[in-house]
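Biologist: I am new to this structure and would like a close look at one part of it. Could you start with the cysteines and then follow the contacts outward?

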Amino acid sequence: MLQRLIEFACCPADHGVLSIGSAALVDRLNLLIEQRGLRELSGTLLTEPHEALLVRADQSRAYPVRGGIPVLLIPSAILLDDDDRAVL
């Protein structure tokens, strides 16, 4: 279902293509959430693990999927660093 959704979705910031983030990336970011070390672009501390992520083509941001629905809002984006990109 998620694969079909992203065929019609795009990054709200640059309108580029999105892809489904790897399980390794989801696990890495969920570990950071568990350790209370991950914030959205808005600055909000994340407390709930992600079930999936959609990643921008330039791999600089990821958007969460909650309840099977992509949250394609710029403030909800997670900035990815080099360590995150290493597990994509």
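What is the relative accessible area of Cys10, and does that make Cys10 buried, partly exposed or exposed?

Modeller: Happy to help! This is a predicted model, where local features need pLDDT of at least 70 and side-chain atom pairs count only at pLDDT 80 or more, while totals for chains, interfaces and linings use all residues. Residues are numbered from 1 along each chain as its sequence is written, and side-chain values use heavy atoms, without hydrogens and water.

Cys10 has a relative accessible area of 33%, so Cys10 is partly exposed. Here buried means under 20% relative accessible area, exposed means over 50%, and partly exposed lies in between, with a 1.4 Å probe and protein chains only. Cys11, at 0%, is buried. The structure holds zero disulfides, a disulfide being a pair of cysteine sulfur atoms within 2.5 Å. The closest cysteine sulfur to that of Cys10 is the one in Cys11, and at 7.2 Å it is too far for a bond.

From Cys11 we can step to Arg56, which touches Cys11 as well as Ala13, Asp14, Val17, Leu18 and Arg61, not counting residues up to four places away in sequence. Such a contact means heavy atoms within 4.5 Å. Arg56 belongs to strand E2 and counts as buried, because its relative accessibility is 10%. Its side chain makes polar contacts with the side chains of Asp58 (2.8 Å) and Ser60 (3.3 Å). A polar contact is a pair of N or O atoms within 3.5 Å; within protein, one must be able to donate a hydrogen and the other to accept it, and residues adjacent in sequence count only if both atoms are side-chain atoms.

Strand E2 (52-56) leads on to helix H2, being among the elements that cover the buried residues of H2, including also strand E5 (78-79) and helix H3 (82-85). Helices (H or I, at least four residues) and strands (E, at least two) are DSSP runs, numbered from the N terminus. In H2, the buried residues are Leu25, Val26, Leu29, Asn30 and Ile33. They cover an arc of only 130° around the axis, so they are on the same side of H2; the arc is that of the directions from the helix axis to the C-beta atoms. An α-helix has 3.6 residues a turn, so residues three or four places apart point the same way. On the other side of H2, Asp27 and Glu34 are exposed.
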